[in-house]
Amino acid sequence: MRNDLATITLTINNEEKRLIVRPKHSLLDALRDEGYASVKRGCDVGDCGICTVLFDGYPLRSCLMRAVDAEGHAIVTLEGLSDGHRLHSIQQAFTETGGFQCGFCTPGMILTTKALLDRSPDPSEDEIREALGGVICRCTGYVRVVEAVQRAAAMLRGESLEPTVVLEQILPEDTADLKLPEGFYRRDGSRTPLPPLVLTPVNMERTQVVGKPEVKVDAGKLVRGRPVYTDDVRLDGMLYGELLTSPHAHARVVSIDASQARELTGVHAVLTHEDIPRIKYASGGQSYPQPPPFDQVCLDNKVRHEGDRVAVVAAETRELARKALRMIQVEYEMLPAVVDPEEAMQDGAPGIHDEPDTDGIYDAEHNIVHHIEAEVGDVEAAFATAEHIFEGEYRTPKQQHAHLEPHACITYWDEDDRLVIRTSTQVPFHVRRMVAPLIGLPVKRIRVIKPRIGGGFGNKQEMILEDLCAHLTLATGRPVCMEYTRKQEFTSSRSRHPQIIRYKIAVNDGKIEAADLYLIGDTGAYGTHGLTVQMVGGFKGLTLYNPPNARFICDVVYTNTPPCGAFRGYGSMQCQYGIEVLVEEIAEHLGLDVVTFKGDNWIKVGEPMYLAKQMGEGREGYEQALETSGLEQCVAAGLEATDYYAKRQANRQQGDGSLRRGIGMSVMMHGSGIAGLDMAAATLKMNDDGSFNLLVGATDLGTGSDTILAQIAAEELSIPVEDLIVYSSDTDFTPFDKGGYASSTTYISGGAVRKAALKIKDQIRKHAAMMLEIDEPESLVLQDRKVVALDGRSLTLAEVALSSLHQQNQHQIMATASHLSYVSPPPMASQFAEVVVDIETGQVTVERLLMAVDCGRVINPITAAGQVEGGMAQALGFAHCEEMVFDSEGHLINPRLGQYRIYMANEMPAIDVIFVQTDEPTGPFGAKSVAEICMDGVAPALVSAVHDATGVWIRELPLTPERVWRALQ
Ligand code: FES
């Protein structure tokens, strides 16, 4: 036994265990090394709480305790909660309510719940929120988590419970007749979770499986804490990769001496820019050909932001790899850093990409990556004759995704000498194509496997670790595992583009005649997604009110800050924030009712989207018009639920105290996939028992997309969801899908699934017709796992499957279908926010957020509500408290979850969701998207509410107490 090791004895899940641990090992490390994969690593410093275990019955953050100190104690992990195959009531409740999305926080949530309910069987909602307040969930907004705890408590008390509720109501033709279920008025001011409310037009066709709150297909493994994420496996001979990052925001690497690190026993590779071919690439996971610029190499001789890549090491243990990093001597030549995008564009600013081999930069000397111009109509002429002209400048922060599963990747050679990349990615097919030239292997020798993903929100639509991890496997011949630390997530992954948004709007007789948008997008040190994020922002920001005269001018600018990338909301939320606040300001200035003014101007059904052709994503787009919109009904529902006008009236007569109430609203639109570009395919294969494998390249980041894709197939085949075995995704076994981004999965991947199901249906009918000796297969109907003939005879799907596989006209009933759309139908929505502002401190307390959304037909109201609730929570962070803050030299001063402020369960306002269904003709069963529109409206609604409370417009986000206080002065 090595003398730096210790043996401890403790009880884990009621079994006595002896563990060999290092003195500095955390309990988290020791438990994961021992195979308790449910114990998740999120930050290593006690900020996130997802590593929570029960320690002698109490919740404990296992990253904060040394393993040696657990000697003699009793630990419970999530693996110890269920009894064989039977779920514990708490696990059952989380499953039934949709109390999780990606599931990465779920072990911590469930164990925290167990401790709470053990000591308090009937907790109040405040007690529940207080108890959960130690565990961050980035996906759910905590709504269904709180509901899950309430349900679990009731189950454990032996109360009989109804199935999970979704409220459904017919949408009246005249919105003046709209009355909502009583709870939605929130007259008691509570924040108790409400079921989602689905409002349906009277003539909308009924469905069997689509539209139902089906339990997520991956629920069982996630609530049990099974080893389903990238880093949950350990391979024989696996090495640990670690990344040396730059401490400086801008410097040249003059020399690197890695000799000492290389000599360290147990270190198998140290790679620097001298060891890896210099091949330029763009890291954004986008369709071929990638939008420019090609401004990165795997390891460079220049660093352009704190956290930039310098060297990688592979060693026997993580500790050894980190020790080796400390032994690498790097000599830097310091260069001046620029962190302000407007300064970066000035003459004489430091050139961030001054090397000759970078491709696709518009003006490298002024750090302008892209300059974009687009115009429809005649903007100058419209301004020349305008009755009123209004201008406003708005600024948005750099927000971090903070998905709880860090970027993680494992690479290894398989038995056929093909490189396997097991990675937490939203874009497995793009990663395979993009990594190939960097590592010198053809695509056919690379297999990318995407396991479950612990959240991504766009940050995993990027090649972050895969190339480096692969280089280490190439160098060592061994499996290598790499995982980012939380600090690296802040400094070395991606973030939301901060924007400076300048609108100028012409209004004639209450109509918006022209809009001019100048946008500065700060892309950070690299240009990934810089072009497309700003184009999407400009398009949505000018199409929500869709004036016939519109102009977009944009500069995408480098700064010495960590690169920005894809982030849910994708430019759209920034620009819609700007236009919505300016429209509010205009209505106030003109003395108009703001809701009426918006309603007179927002885009209507049948209108062409004027900029659609000029402003595709990074390329020319396609002519499009708005086919469906429930926006008017969404606004009506929100006005009714919040009693908006009465509250606005009451807020005008507030007393003299320091607390002021306010209510605000906004409207928004998004898209459903990228028109004419996003393609997805799906394969369905019938099994002997009439069940089906559904193989999709689509990537479920926790959104529930695997479930809703199964529901689409199940609806078409008249089977329950349990008859579908969903597998996603593996570039060797699943068909191509562009990946999980651009709000495309329900609409595009769902379209592919529906087409594949229709093909299968035809094959089943043909085979059944032969079996029943019927001439017209099309006369057969699929119904309740059967094929039914007009004369009443029927065959089960199992009988058809057995016959086709073993008896008559033997063949595999199987189909693959692809789908692409030349339109991207916008979901539409209204957002309401209610706040209390303390005018003495600037503190804004958000009391309620309500969103009414038209996402077409809702495929699964629980997973869709989860998207909206979680999206509103993330957007609330963007609007209210989240911001990556840099000093003048480009150092991030808040690179920890504890310093970077994320809403916790006990701080959340009431969050409510109303769906207004429409029937989008191009979507599967009428569906549009829902994943991103929920990001777009919170910021302007919040600003509007703060203005209602205080009379002050705040044009820079987030609304921190200091910023609000200053504005009030
Ligand atoms: Fe909570 Fe994803 S479900 S972090």
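**Figure 1. A buried salt bridge between Arg452 and Asp706.** In this predicted model, the side chains of Arg452 and Asp706 come together in a salt bridge, with 3.1 Å from N to O. Arg452 sits in the loop between strand S18 (446–449) and H12, while Asp706 belongs to helix H19 (residues 705–717), so the pair ties together parts of the chain that are 254 residues apart in sequence. If you look for these two residues at the surface, you will be looking in the wrong place: both Arg452 and Asp706 are buried.

**Figure 2. Asp737 and Lys738, another buried pair.** Here the side chains of Asp737 and Lys738 form a salt bridge, at 2.7 Å from N to O. Both Asp737 and Lys738 count as buried. Elsewhere, salt bridges with shared partners connect Arg278, Lys280, Asp300, Arg304, Glu355 and Asp357 in one network.

**Figure 3. Arg502 and Glu393 pair across two strands.** The whole structure contains 71 salt bridges, and this view picks out one of them, in which the side chains of Arg502 and Glu393 meet at 2.6 Å, N to O. Arg502 is part of strand S20 (residues 499–508) and Glu393 is part of strand S15 (residues 388–395), so that distant parts of the chain, 109 residues apart, are linked. Are these partners buried or partly exposed? Arg502 is partly exposed, because its relative accessible area is 27% and the range for that class runs from 20% to 50%. Glu393 is also partly exposed, at 30%.

**Figure 4. Helix H12 and its buried Asp467.** Helix H12 spans residues 466–476 and is mostly covered, with 8 of its 11 residues buried. Those buried residues are Glu466, Asp467, Leu468, Cys469, Ala470, His471, Leu472 and Thr473. Let us stop at Asp467, which is found in this helix. Asp467 counts as buried because its relative accessibility is 0%, and the limit for that class is 20%. Setting aside residues up to four places away in sequence, Asp467 touches Tyr281, Cys298, Arg309, Val435, Leu438 and Ile439. After H12 comes Gly477, which has a positive phi, near 75°.

**Figure 5. The largest nonpolar core, with 176 residues.** Within this core, the residues with the most contacts are Phe94, Met109, Met851, Val868, Ile914 and Phe915. Which helix gives the most to this core? Helix H22 (residues 861–880) does, with 10 residues. Met109 makes a good place to zoom in: not counting residues up to four places away in sequence, Met109 touches Phe94, Leu132, Val135, Ile136, Cys137, Tyr142 and Val145. Another core lies apart from the largest one and has 47 residues, among them Ile708, Ile712, Leu717 and Leu772.

**Figure 6. Ala875 in helix H22.** Ala875 lies in helix H22 and is buried, because its relative accessible area is 1%, where the class requires under 20%. Which residues are in contact with Ala875, leaving aside its neighbours within four places in sequence? They are Met573, Cys934, Met935 and Val938. For a sense of scale, Ala875 and Glu840 are 35 residues apart in sequence and 25 Å apart in space, C-alpha to C-alpha.

Terms used: Residues are numbered from 1 along each chain as its sequence is written. This is a predicted model: local features need pLDDT of at least 70, side-chain atom pairs count only at pLDDT 80 or more; totals for chains, interfaces and linings use all residues. Side-chain values use heavy atoms; hydrogens and water are left out. A nonpolar core is a set of buried Ala, Val, Leu, Ile, Met, Phe, Trp, Tyr and Cys residues joined through side-chain atoms within 4.5 Å. Buried means under 20% relative accessible area, exposed over 50%, partly exposed in between (1.4 Å probe, protein chains only). Helices (H or I, at least four residues) and strands (E, at least two) are DSSP runs, numbered from the N terminus. Contact means heavy atoms within 4.5 Å. A salt bridge is a side-chain nitrogen of Lys or Arg within 4 Å of a carboxyl oxygen of Asp or Glu.
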